[in-house]
Amino acid sequence: MTNENRFYRFLLWRERHIRERNFILIISFLVGIGAATASLLLKFLIHTIQQLLWANIREGANYWLLLYPIIGILLAGVFVYYVVRDDISHGVTKILYAISQRKSRIKPHNMWSSLVASSLTIGFGGSVGAEAPIVLTGAAIGSNLGRLFRMEQKTLMLLVGCGAAGAVAGIFKAPIAGLVFVIEVLMLDLTMTSVLPLLISSVTAATMSYVFSGTEAMFQFSQTEEFVMERIPYVLLLGIFCGLVSLYFTRAMLRVEGIYAGLSHRWQRFILGAAMLSILIFLFPPLYGEGYDTIETLLNGDFIHLMDQSPFLGMENGYWGIVIFLGLILLTKVFASAATNGGGGCGGVFAPSLYIGCIAGFFFSHILNFFGLPVDLPEKNFALMGMAGTMSAVMHAPLTGVFLIAELTGGYNLFLPLMITSIGSYVTIRAFEPHSLYTMRLAQKGELLTHHKDKAVLTLMNVGSVIETDFIAVRPDMSLGDVVKEAIAKSSRSMFPVVNTEGVLLGIVLVDNIRNIMFRPELYERFRVSRFMVSPPARIVNDMPMEKIMHIFDDTKAWNLPVVDTEGTYIGFVSKSKIFNAYREVLVDTFTGD
């Protein structure tokens, strides 16, 4: 008996002896283990590479910082281009696309390719985070494990969420944040039956991280000053400030990424990215890697050593020296992150958003304290709140920002100011940007799954699945007699597309428009199609999002509209009734709980 036959026998045995709901819980447990293993492995690879490289770093300005980032994005780019041969950047965006457009199917190579590429990128100094690649890895583990056991689309979507939740929980030791991340960022419409698998994956992954890397929080933070109500106005101002910083980060990131995307050759992108990244890291060493050492330094209130290995060493003794240095980092971090990914590296914006948030909070409080306010602002507390505020705004996920920072640092005593900062920053950025950095690209194409159930169902639908092609096409030079004999007599349709010799749609023939002459044989040779054809109320292009198609139907009040490709070539018709039937099927299959 072959292994394949044994596996099929196992699937049959499982169907007879293990209920579907219980089996999903078992798979979610396995997904949690897989996501945690990937998280631990990625951390190990990054730290090992960094320890080997930093053995060469001497005190003071060091020219190795010019070389290491170039090597990192070169190795990662070569690996992606020649080994993976697929785009693995923008990990969270790819998960959202897979959920909305690929029936939650993620390619198998994503279970390992992002792990390798991001460890090379970040280990050699790429100024990005490891979290988005590991979230894609976890989601790919969930998707492919579900496909292995022949799970349906609704279950695959849940398992993708389990993988993402497990990845966040595993790499941050934050099980609650893992669950909330799936709800807010991946925007899954959860039922009570789907919460339990997500919890199992999150708790399993976090437990494995506790076992292998200790139970202490990722960042050591000790609150030395109690929060007092007099600081609330300044916390609100911090939220607004973090929202504006996040707006700058989001728009600058998209603008710089657009510059790289506009370069025709990958070597042009590499040269520009490598040059920009290495120069920025040489000038500002805290931009090296994820930047978690800088966060740790600011949370401990020890910022004197931030300028070590920097050409600006010696400026830290003045009050404004550190302010100027951190202000420049706040402005240039986005260029370093965009250069890393644009030049060929692999990483996400999790860590950069935490990084700039920590600096923003410290920067804000450090400046205000200089002016002698009536109440002192604890700089490390405000650095912590800045992390929550900026992450909430960049990701458009205030709950994720609050719970993640609380679990990362153990700063639960600051829960109220964390929430105030997160809400303030979120409201601020929503006034300017309706979508997050992750969802903006998909939203522009109408491919974004949202919590709005009607829009979510339309996003999951594909126009290709509702096109009807059994309409008989006629030519503009055909006579009325030919239309009656070759089209109307052979079809039950009351509408016929008119196309030229190249297949381009010219118009349509409606039976109702010719009913008064179609039964008069003496007129058959007198009238040509070009004379009685009419233009359709609108044309559907085959790559239009379904939500836009429904808007066109509402505007035109039509029940049938022709579908063409981008060149105008006729493909078929789509009817409102066909869309309604497909809508009901997707709604039942995807969103109806057991």
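**Exercise 1. Describe how strand β2 is covered and how β2 is paired.**

Strand β2 (residues 495–499) is mostly covered, since five of its five residues are buried, where buried means under 20% relative accessible area, exposed over 50% and partly exposed in between, with a 1.4 Å probe and protein chains only. Strands such as this one (E, at least two residues) and helices (H or I, at least four residues) are DSSP runs, numbered from the N terminus. The model is predicted, so that local features need pLDDT of at least 70 and side-chain atom pairs count only at pLDDT 80 or more, while totals for chains, interfaces and linings use all residues. Residues are numbered from 1 along each chain as its sequence is written, and side-chain values use heavy atoms, with hydrogens and water left out.

Step 1 takes the two faces. In a regular strand the side chains alternate between the two faces of the sheet. In β2, Met495, Pro497 and Val499 lie on one side and Phe496 and Val498 on the other, and all of them are buried, so both faces are covered.

Step 2 takes the partner. β2 and strand β3 (residues 505–510) pair in the antiparallel sense over five bridges, two strands being paired if DSSP finds at least two bridges between them. Phe496 stands opposite Val509 in β3.

Step 3 takes the connection. β2 and β3 form a hairpin with five residues between them, and Gly503 in the turn has a positive phi of about 85°.

**Exercise 2. Give the strand order of the open four-stranded sheet and identify the helix that packs on the sheet.**

Step 1: the order is β1-β6-β5-β4, with mixed pairing. The edge strands are β1 (467–468) and β4 (540–541), each of which pairs on one side only.

Step 2: strand β5 (residues 560–564) and strand β6 (residues 570–575) pair in the antiparallel sense over five bridges, and Leu561 stands opposite Val574 in β6.

Step 3: helix α23 (residues 546–556) packs on the sheet, touching β4, β5 and β6, and its direction makes about 135° with that of β5. Contact here means heavy atoms within 4.5 Å; axes are lines fitted to C-alpha atoms, for helices over the stretch in contact, and angles run from 0 to 180 degrees between N-to-C directions.

**Exercise 3. Set out the length and the packing of helix α17, then the burial of α5.**

Step 1: α17 (residues 415–430) has 16 residues and reaches 22 Å from its first C-alpha to its last, close to the 22 Å expected at 1.5 Å a residue; the expected span is 1.5 Å times one less than the number of residues.

Step 2: the buried residues of α17 include Pro417, Leu418, Ile420, Thr421, Gly424 and Thr428. The buried residues of this helix pack against α10 (232–261), α15 (379–395) and α16 (398–409).

Step 3: α5 is mostly covered, with 10 of its 11 residues buried, among them Ser113, Leu115, Leu120 and Ile122. Just after α5, Gly125 takes a positive phi of about 110°.

**Exercise 4. Count the salt bridges and characterise the partners in three pairs.**

Step 1: a search of the whole structure finds nine salt bridges, each being a side-chain nitrogen of Lys or Arg within 4 Å of a carboxyl oxygen of Asp or Glu.

Step 2: Asp86 forms a salt bridge with Lys107, the closest N and O atoms being 3.3 Å apart. This pair links distant parts of the chain, 21 residues apart, with Asp86 in the loop between α3 (64–84) and α4 (91–101) and Lys107 in the loop between α4 and α5 (113–123). Asp86 is partly exposed at 24% relative accessible area, and Lys107 is likewise partly exposed at 37%.

Step 3: Asp477 and Arg475 form a salt bridge whose closest N and O atoms are 3.6 Å apart, Arg475 being partly exposed at 43%. In the salt bridge of Arg528 with Glu525 the closest N and O atoms are 3.8 Å apart; Arg528 is partly exposed at 34%, whereas Glu525 is exposed at 57%.

Step 4: Glu468, Asp470 and Arg493 are linked in a network of salt bridges.

**Exercise 5. State what the protein's overall totals are.**

Step 1: the secondary structure comes to 24 helices and six strands.

Step 2: of the 594 residues, 56% count as buried.

Step 3: residues 24 or more positions apart account for 76% of the contacts with a separation of 6 or more.
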